Amino acid sequence: MFLPNYHAIRDFVVVTNTKNRYSLREIRSGHVIEASLDSLKNLDGVERDSDSLVVPGQRVRLFCKWDAPRSRWAVYPLRPDQEAQTIPSAEGLKAEFKSKGVGTFEQDVCSLANCAGGDLWWGVGDDGSVIGIDALVEKYGGRDRLTCHLRNRLRQTTNTNLFLDVRFTFFERDGRTLLKITVPSSRDVVLYGDALYVRSQNTTQRLSGDRMLSFIYERMKNGRP
């Protein structure tokens, strides 16, 4: 499933449990591991039966670390910082995966800002696989330079101060560098040049003509300038 001396965040399904042990099947590989009740006692957001055991069939996301002295995998509930770096299982209204390159960066940011906000996950394939952006970071001379370049692109091509509010978070996953770009929902209508982009389901769409005017009118009617 993983390499020894390694750690990762993975999705599991609870297969069986007893008073002291859980059997967990890792969704992507199908590999089954065991976990102690103590290691999962602080797990939140899952259904429990009358004995406070996690009900079989439930899906849980856990931090996995190789326990070298015991030659086994240990699993733990996610810390808040780990939860913030947990890649969604699929793209959606508030999540977009980008496997490489800057590409449609401005359009994607504007579409999220014009709707409910959300995250761009750079270095993640369409199927949620970890690809990494190490080559992109190297191309721009490091993480700080890449961040500065992206902020400048937003500042030069959009009509608001959105570039000040977007957050860039680099982290490592499976030995590769990923970038999470967090975009807040904007009170203003954000334009990329003279174009208006919005998020629809799991895609970025450009509005024009009557659809663009209707979107702006609805925003004004609902008290969002």
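## A first walk through the chain

G92 is buried, with a relative accessible area of 19%, and that value sits under the 20% cut-off for buried residues. The model you are looking at is a predicted one. G92 makes a handy starting point, and from there we can visit a few loops, a group of strands, a helix and two cores.

**Around G92**

G92 is found in the loop between α2 (80-84) and β6 (95-98). Which residues does G92 touch, not counting those up to four places away in sequence? They are R199, Q201 and N202. R199 is 107 residues away from G92 along the chain, yet the C-alpha atoms of the two are separated by 9.0 Å.

The loop between α2 and β6 also holds Q85. Q85 counts as partly exposed, at 23% relative accessibility. Leaving aside neighbours within four places in sequence, Q85 is in contact with W121, F171 and R173. The C-alpha atoms of Q85 and L179 are separated by 9.5 Å, with their positions 94 residues apart along the chain.

Q201, one of the residues that G92 touches, lies in the loop between β11 (195-200) and β12 (203-207). Is Q201 buried or exposed? Q201 is exposed, and its relative accessible area is 63%. Here are the three loop residues side by side.

| Residue | Relative accessible area | State |
|---|---|---|
| G92 | 19% | buried |
| Q85 | 23% | partly exposed |
| Q201 | 63% | exposed |

**Strands β10, β11 and β12**

Let us follow Q201 to the strands beside it. β11 and β12 pair in the antiparallel sense, over five bridges. In their hairpin, two residues lie between the strands, and Q201 takes a positive phi near 55° there. Most residues other than glycine have a negative phi. Q201 is a residue other than glycine, and its phi is positive all the same.

β11 also pairs with β10 (residues 191-192): two bridges join these strands, which run antiparallel. The hairpin of β10 and β11 has two residues between the strands as well, and in it G193 takes a positive phi near 65°.

One residue of β11 links to both neighbours. L196 is the bridge partner of L191, and L196 is also paired in this way with L207 of β12. How much of β11 is buried? Five of its six residues are buried, so β11 is largely enclosed by the rest of the structure.

**Helix α5**

Now for a helix. α5 (residues 143-157) has 15 residues and reaches 21 Å from its first C-alpha to its last, close to the 21 Å expected at 1.5 Å a residue. Its buried residues are L146, T147, L150 and L154. Seen down the axis of α5, these buried residues fall within an arc of 100°, so they line one face of the helix. D144, R145 and Q156 are exposed on the other side of α5.

What covers the buried face? The elements over the buried residues of α5 include α3 (105-113), β7 (118-122), α4 (134-139), α6 (162-165), β8 (167-173) and β9 (176-183). L150 gives a closer view: leaving aside neighbours within four places in sequence, L150 is in contact with V102, F105, W122, F168 and L179.

**Two nonpolar cores**

L150 also belongs to the largest nonpolar core, which has 23 residues. Those with the most contacts inside this core are F105, V109, W122, I133, L150, L179 and I181. α3, β7, α4, α5, α6, β8 and β9 each supply at least two residues of the core, and the largest share, five residues, comes from α3. Apart from this core lies another, of eleven residues, among them F12, V14, I33 and W73. In soluble globular proteins, nonpolar side chains tend to be buried together.

**The chain as a whole**

Stepping back, the secondary structure comes to seven helices and twelve strands. The chain has 225 residues, of which 44% count as buried. Among contacts between residues at least 6 apart in sequence, 59% join residues at least 24 apart. The pair G92 and R199, in contact and 107 residues apart along the chain, is one to look for in the 3D view. As for the surface, the chain exposes about 12,300 Å², and carbon and sulfur atoms supply 48% of it.

Key
Residues numbered from 1 in each chain as written. Predicted model: local features only at pLDDT ≥ 70, side-chain atom pairs only at ≥ 80, totals over all residues. Heavy atoms only, no water. Helix = DSSP H or I, 4+ residues; strand = E, 2+ residues; numbered from the N terminus. Buried < 20%, exposed > 50% of the residue type's maximum accessible area, 1.4 Å probe, protein only. Contact = heavy atoms within 4.5 Å. Areas by Shrake-Rupley, 256 points an atom, 1.4 Å probe, with all protein chains shown as cover. Expected span 1.5 Å × (residues − 1). Arc of directions from axis to C-beta. Core = buried A, V, L, I, M, F, W, Y, C linked by side-chain atoms within 4.5 Å. Pairing = 2+ DSSP bridges.
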